[in-house]
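Dear colleague,

I am passing on the structure we spoke about, together with some notes on what turned up in it. Please read them alongside the coordinates.

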Amino acid sequence: MRSLPLLTLIALSAVAGAQQLPAPTADTSEWRFTGATGTIVDKAFGPGEMEEAGNVIGSGVDQFTTCSAAGLPLINGVDAQILQFGVHTPTEGYRLRPRMAASVGDGPHQFTMIFDMYVSSVNPVMYMGIWQGSNTNVNDAELFLSPVNLGFYVAGNGDVCTNCWNTDTWNRFVMVNDYPTTSRIFVNGSLVWAGFSPDYLWNGDPGGPANWLLTDNDNETGPGWIANFALTDQFMVAADIATLGSPDAAGIFTPFIPPAVGTTICLGDGSG
């Protein structure tokens, strides 16, 4: 199992007192939902691709806004740009393609996905599908939020971790997977559940199958807001997830910066 010792690489974000880690690999992708391009989900960096399905943005089911305009708390004192999403049918949501260089077809089996989200306590639904591994969305999503139970539903594991997060506040949900064995969920930097991994990811090769976000096959979805989403091909360790902590208006990771051309890097022999 790969792990990711990044604590020595902490970078300060633009928000005073907040901490971010650098993007751990060149195959890390992050989206910040700024709406800068109008109807396209904006990517901060990385090889991944994400597109709306069912014209959810174009039709106004989902819309770009800000914390203040939506009547939500600011994120670390910053009036962040966010995406307000509604109830989605099985043909609506977002199609995610990691496009990781080392993965093809049924791509990364080890990965970490991170959601910065807000869910209201007003008219909560029982389940909200947020990650669907089926390319055709024909079965239950792999990961649900449960606003009623303040927990999660994980495919193959059932309802888990009641009362481990709160509505009416910004939360950073992190799911770490090593398919087919290990999965862990963290809320605002703290481990809240460990069990079996529900699925791997489709890499999203050209013309091939892709993953879904914010949808489910039988309409078990609900409204909410998302500020940031990131995906990396690493099984992130608890210490680094603790460093990531809670939602940050500046994003999740700082951009990946590759070594300068001609830079010599010593990987060592492990004796150190």
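Which hand does the disulfide of Cys161 and Cys164 have, and what is the torsion about its S-S bond? Please bear in mind throughout that this is a predicted model. The torsion is about 135 degrees, so the disulfide between Cys161 and Cys164 is right-handed. The S to S distance in this link is 1.8 Å, and a search of the whole structure finds one disulfide. Both of its cysteines, Cys161 and Cys164, are buried. Another cysteine, Cys67, also counts as buried, at a relative accessibility of 0%.

I turn next to the nonpolar interior. The largest nonpolar core has 39 residues, and within it Phe152 and Phe229 are the members that touch the most others. Strand β9, which covers residues 110-118, gives this core its largest share, namely four residues. Apart from this core lies another, of 14 residues, which includes Ala23, Val176, Ala230 and Ile241.

Once its neighbours within four places in sequence are left aside, Phe229 is in contact with Ser29, Glu30, Trp31, Phe33, Met50, Leu96, Met113, Ile114, Phe115, Leu213 and Ile252. Two residues from that list return in the ring pairs, which link Trp31, Phe115 and Phe229 into a cluster.

The aromatic pairs number 13 in the structure. One of them is formed by Tyr127 and Phe144, whose rings are arranged edge-to-face, with 5.9 Å from centre to centre and 65 degrees between the planes. Tyr127 lies in the loop between β9 and β10 (128-132), while Phe144 belongs to strand β11 (residues 143-146), so this pair ties together parts that are 17 residues apart in sequence. Both Tyr127 and Phe144 are buried.

A tilted aromatic pair is formed by Phe152 and Trp165, with 6.5 Å from centre to centre and 45 degrees between the planes. Because Phe152 lies in strand β12 (residues 151-154) and Trp165 in the loop between β13 (158-160) and β14 (170-178), the pair ties together parts that are 13 residues apart in sequence. Phe152 is buried, with a relative accessible area of 1%, and Trp165 is likewise buried, with a relative accessible area of 2%.

The charged side chains come next. Side chains of opposite charge can pair when their charged atoms come close. How many salt bridges does a search of the whole structure find? The search finds four, and I describe some of them here.

In one salt bridge the side chain of Arg32 meets that of Glu30, at 2.7 Å from N to O. Glu30, which also appears among the contacts of Phe229, is buried, with a relative accessible area of 0%.

Another salt bridge brings together the side chains of Glu49 and Arg99, at 3.1 Å from N to O. Glu49 lies in strand β5 (residues 49-53) and Arg99 in the loop between β8 (93-97) and β9, so the pair ties together parts that are 50 residues apart in sequence. Glu49 is partly exposed, with a relative accessible area of 34%, and Arg99 also counts as partly exposed, at 26% relative accessibility.

Strands β5 and β8 are joined by a further salt bridge, that of Glu51 with Arg97, in which the closest N and O atoms are 3.9 Å apart. Since Glu51 lies in strand β5 and Arg97 in strand β8, this pair ties together parts that are 46 residues apart in sequence. Glu51 counts as partly exposed, at 31% relative accessibility, whereas Arg97 counts as buried, at 13%.

Finally, a word on Thr181, whose place is in the loop between β14 and β15 (182-187). Thr181 counts as partly exposed, at 42% relative accessibility. Which residues does Thr181 contact, leaving aside its neighbours within four places in sequence? They are Gly195, Phe196 and Ser197. For Thr181 and Gly195, which are 14 residues apart along the chain, the C-alpha atoms are separated by 7.9 Å.

With best wishes

Conventions: Residues are numbered from 1 along each chain as its sequence is written. This is a predicted model: local features need pLDDT of at least 70, side-chain atom pairs count only at pLDDT 80 or more; totals for chains, interfaces and linings use all residues. Side-chain values use heavy atoms; hydrogens and water are left out. A nonpolar core is a set of buried Ala, Val, Leu, Ile, Met, Phe, Trp, Tyr and Cys residues joined through side-chain atoms within 4.5 Å. Buried means under 20% relative accessible area, exposed over 50%, partly exposed in between (1.4 Å probe, protein chains only). Helices (H or I, at least four residues) and strands (E, at least two) are DSSP runs, numbered from the N terminus. Contact means heavy atoms within 4.5 Å. Rings of Phe, Tyr and Trp (its six-membered ring) pair if their centres lie within 6.5 Å; planes under 30 degrees apart count as stacked, over 60 as edge-to-face and the rest as tilted. A disulfide is a pair of cysteine sulfur atoms within 2.5 Å.
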